[in-house]
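Biologist: I would like to learn how to read strands, sheets and cysteines in a model like this one. Could we go through them one feature at a time?

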Amino acid sequence: MLPCEQDQFLSYNGEVLVFQLSKPKLAEEADDKTMNLCVRRMAFNRDTKLFVQKSSGVFSMHASHSKIEMISCSCTTDSRTGIILPCILMKKKKQNNVKYFVLLLHSSNQFEQSFYFKLDYELKEDIRLFAGPSVLWRHANKLFYISSSTCVVQSAPVQLSSVVWTGEIVDEGTAVLGIRTPCLPETEDADGFSVSDRAIWGSEFFGYVIQTQKMLTGTCFMPHAYSRVVSSVYICKSERWKKQLRISLVAITHKNQLIWFQNGVPKGVCELPYEKPCSVKPAVTSSNDLLFAVSFASGNSCVVQRRDSLQVASKWQKVKCVLVDDFIGSGSEQLLLLFKDDSNTDVLSTFKITDLGEVNCASGINYKHDVPAAEGLQENGLLTVRALETRLQAGWTSVRELQQHLGLQKRVILESWRALIDLVEERTHILPNAREEGLVSLWDDVENPPHSLSKETSLASKVPEHFTQELWQRVVGDSLVVGVKLTESFYLSLSDVSLSLVMDQDFSSISPIIKCQSKIIKLNKAFSALAVSSSQIEPPPKKMKFDLHSKNNLRKEFPKRSSSIQLDGTKTVTAVTSLSPLLAFHHVCCVVLLHARKQNHQNDSLQQSKKITLLCGKILLSLEDISNGRYSVKMLRDNGYCTGSVEDILAVLAVSVRFSFQIVSSDCTLTPVGSWLLGEMGCTPFKECQDNIFCHKAGNVHGTIFNWTLKNPFEGVLTIFCRNLTVLFQCLHSLTRVLPPSCSVKLLRSGSKAVLTEQLALALEKEMLTLKNSLFLKETKAENSLPWGNESGKKINNSPLASLLDTEEGVQQFRKKLQNEREESVRSMNQTMNGALYQKTALKIAEAQLSSDMIVWRLS
């Protein structure tokens with residue numbers, strides 16, 4: 001059969017129905033012509049990513065001396081069964097006689113002629129198919145319609161210039177939204193504004209219900225001022241609320257705009273990219289996004305997305321047809337765009353299926369996110385969507401409360417940031433009134449609080465002027481590394497050292513405090529060892545302990561160091577944060593703050609440590625500098641060595657995670673490890689030390705630092721500084737292929753056993769001193785109401801014990817002294833202390849115990 005140029009496309013239950021008029025080849029020259037209406041059901045194949053034909057059907061029509069055409073097709077409801085079926089309006093013209101007939105297509109691909117009617121003119125304007133099936137059209141500014149139940153052409157008692165929408169309205173039935181010349185009443189009434197509006201614009205919107213012949217007020221759809229520009233409308237939702245009709249719709253205009261109306265009021269507008277829009281279709285995607293597909297007379301199309309506002313999300317050219325349905329069987333709707341392709345006769349050869357999200361499939365191109373198909377998925381998906389919509393409505397209250405809480409939290413963070421900056425720059429900060437901020441104080445207001453901020457500041461130890469040697473920054477991948485080099489004399493008096501970055505600009509919409517991770521990195525003079533206090537997995541809790549203010553307390557550095565490591569007089573503290581959020585501002589200025597505890601080790605007491613916050617300086621960051629590679633890490637090869645600077649090495653170590661492995665071979669030596677590092681991994685040693693080598697191999701492992709130490713020819717320790725676990729697994733996989741089968745590889749806890757043992761001894765010593773000092777505090781003695789010492793006030797002779805026991809008087813004196821000491825011991829055990837002092841003491845004990853527990857876990 002020879003296809004004609006006239007093809008119609010219709011989406012139905014996830015399938016694409018292709019209607020074609022054709023004529024048999026043998027009857028082409030005959031007088032009695034037969035015309036066939038062919039339908040092909042095309043379904044999307046998930047394996048081949050193409051449309052395949054499932055079935056087909058043919059309807060033969062006698063076309064002797066007649067011209068048969070397809071006018072339109074649509075999915076309408078069959079009033080006999082209530083089932084939605086494809087419906088086709090056909091025209092047969094013979095001389096001046098025009099006959100129209102309506103066909104229904106059943107699931108068996110059998111066509112049924114529903115009804116027909118004859119006219120003495122041709123249908124050309126505003127032809128619509130709706131439930132029944134029924135046909136509606138406009139002729140000579142009058143509205144006509146016919147249905148399968150009456151089979152009689154009826155005329156509506158209205159004059160209209162255009163029909164912009166036909167469909168169902170809740171509690172009303174099938175309605176027509178049109179534009180007409182205003183019918184002004186003789187006297188003004190309560191709707192005086194509407195009367196004046198209609199008179200000004202010379203046209204008005206109106207709604208007409210076909211079944212009841214009822215007129216609907218046009219202002220519930222949109223203001224009459226839009227009647228001169230609107231060309232097509234789609235009503236998204238209609239409902240009754242307190243006996244009033246509430247309608248949400250979108251309209252396209254001759255001014256190339258798409259406008260959203262809510263209850264007759266415009267809520268949003270979007271400029272369309274092409275001229276002469278002619279139709280709009282909605283689609284609800286899997287992410288509950290509402291899309292509007294707009295078709296233009298030029299053959300172009302675009303999609304408008306409605307979230308916070310209306311905006312054009314995508315656009316295409318040379319589009320033959322746009323259909324909306326669930327073509328891939330995911331339970332949500334997608335857009336099917338059929339493109340014009342003169343080089344291919346297959347009507348579905350060039351297409352695109354998309355929901356502007358996870359689904360994106362074009363002809364011959366696979367899409368990434370496949371949605372699993374299942375029987376009955378559409379029905380189950382519809383029920384699931386309805387249940388989720390109900391839950392979503394119920395959760396709106398919680399969302400609003402959460403937004404209020406987040407707004408309050410944001411104001412508190414901003415105020416804390418301003419207070420921190422004022423403290424560092426030694427300015428007086430005035431806190432806002434809690435009631436003005438909508439807050440309630442959790443403590444009673446005290447005029448002179450014992451631990452005020454001013455007192456803590458005044459008691460803080462003085463800081464030397466030159467406590468930092470250098471402030472630098474580097475960019476490693478998607479991370480920004482900021483380093484501060486501290487002097488050795490200043491660093492040894494600190495504990496719990498960390499850095500924080502605070503944006504210097506006053507951004508009211510975001511938090512100025514930048515989330516970052518601090519590390520302490522030490523390099524010795526000979527560069528023969530690298531030690532990084534990196535984040536490690538914490539041991540499982542053995543008992544409930546106090547929640548400390550900072551996790552850095554678990555990784556505290558001790559003031560005494562191992563004598564086997566010669567330090568170079570400096571320590572570097574680094575902060576690592578994500579770079580991409582900062583680049584969104586193009587130019588960023590950040591304040592670098594150092595947080596630590598300043599310790600006074602007099603009498604080995606921990607009570608003198610004070611929290612300090614110091615301003616280290618500011619860093620400037622711009623997208624232009626990043627693009628020019630100003631802060632990039634430069635690890636180059638020079639005569640077989642790596643020429644990276646100390647700051648570059650520290651930056652790589654800061655963003656890396658350290659892993660140490662003990663490799664033991666019982667049968668052969670471990671010489672293949674060195675060959676593997678220098679050969680397959682493409683590593684080159686640093687100039688200062690050949691034991692620490694940098695990997696130049698292309699791929700994920702590039703930038704990894706290795707340290708290979710041989711204890712003896714059969715045992716060694718390999719330390720790997722890598723970006724993530726994926727790189728670690730790749731390195732280990734490559735290593736196991738060169739090691740002998742008898743080798744054993746064991747993961748070691750960070751830190752050498754000798755250093756950890758010495759640190760454990762120091763930690764236990766500090767724990768013992770903390771317990772001792774907590775039992776003999778001067779504050780507890782002052783609070784004790786009972787006198788200490790000898791109550792009688794008599795002086796006891798502290799003569800040697802042997803001389804006291806020689807006489808009876810001496811024995812009595814010794815007995816009395818023993819009795820006094822016993823009573824004094826009882827009184828000391830029954831002392832009381834206030835809650836604040838007890839909390840402070842318990843916190844110090846828990847801090848010391850956690851430090852020792854961490855080291856014991858690392859030794860195990």
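Modeller: Let us begin with a single pair of residues, keeping in mind that this model is predicted: Gln662 stands opposite Val717, which lies in β44. That pair belongs to a longer ladder, since strand β40 (residues 657–664) and strand β44 (residues 715–722) run antiparallel and are joined by 8 bridges.

Biologist: Which helix packs on the sheet and touches β40, β43 and β44?

Modeller: Helix α10, covering residues 725–736, does so, and its direction makes about 145° with that of β44. Another helix, α9 (residues 671–678), lies across β41, β42 (692–695), β43 (705–712) and β44, and it runs at about 165° to β43.

Biologist: In what order do the 6 strands of the open sheet come?

Modeller: The general idea is worth stating beforehand: in a regular strand, side chains alternate between the two faces of the sheet. Here the order is β41-β42-β43-β44-β40-β45, with antiparallel pairing. At the edges are β41 (683–685) and β45 (744–748), each of which pairs on one side only. If direction is ignored, neighbouring strands of this sheet are turned by 30° against each other on average.

Biologist: Now to hairpins: how many residues lie between β5 and β6?

Modeller: There are 6 residues between these two strands, and in the turn Gly82 has a positive phi of about 80°. The strands themselves, β5 (residues 67–77) and β6 (residues 84–94), run antiparallel and are joined by 10 bridges, and Ser74 has Cys87 in β6 as its bridge partner.

Biologist: What joins β6 to strand β7?

Modeller: There are 8 bridges between β6 and β7 (residues 97–105), which run antiparallel, and across this pairing Leu89 stands opposite Val102 in β7. The hairpin of β6 and β7 has 2 residues between the strands, and in it Gln95 takes a positive phi near 60°.

Biologist: Finally, how many disulfides does the count come to?

Modeller: In general, a disulfide is a covalent bond between the sulfur atoms of two cysteines. In this model the count comes to 0 disulfides. Cys743, for instance, is in no disulfide, because its nearest cysteine sulfur, that of Cys668, is 5.6 Å away, whereas a disulfide needs the two sulfur atoms within 2.5 Å.

Biologist: Why does Cys743 count as buried?

Modeller: Cys743 counts as buried because its relative accessibility is 16%, and buried means under 20%. The same reasoning applies to Cys616, which counts as buried because its relative accessibility is 13%.

Conventions:
Residues are numbered from 1 along each chain as its sequence is written. This is a predicted model: local features need pLDDT of at least 70, side-chain atom pairs count only at pLDDT 80 or more; totals for chains, interfaces and linings use all residues. Side-chain values use heavy atoms; hydrogens and water are left out. Two strands pair if DSSP finds at least two bridges between them. Helices (H or I, at least four residues) and strands (E, at least two) are DSSP runs, numbered from the N terminus. Axes are lines fitted to C-alpha atoms, for helices over the stretch in contact, and angles run from 0 to 180 degrees between N-to-C directions. Contact means heavy atoms within 4.5 Å. Buried means under 20% relative accessible area, exposed over 50%, partly exposed in between (1.4 Å probe, protein chains only).
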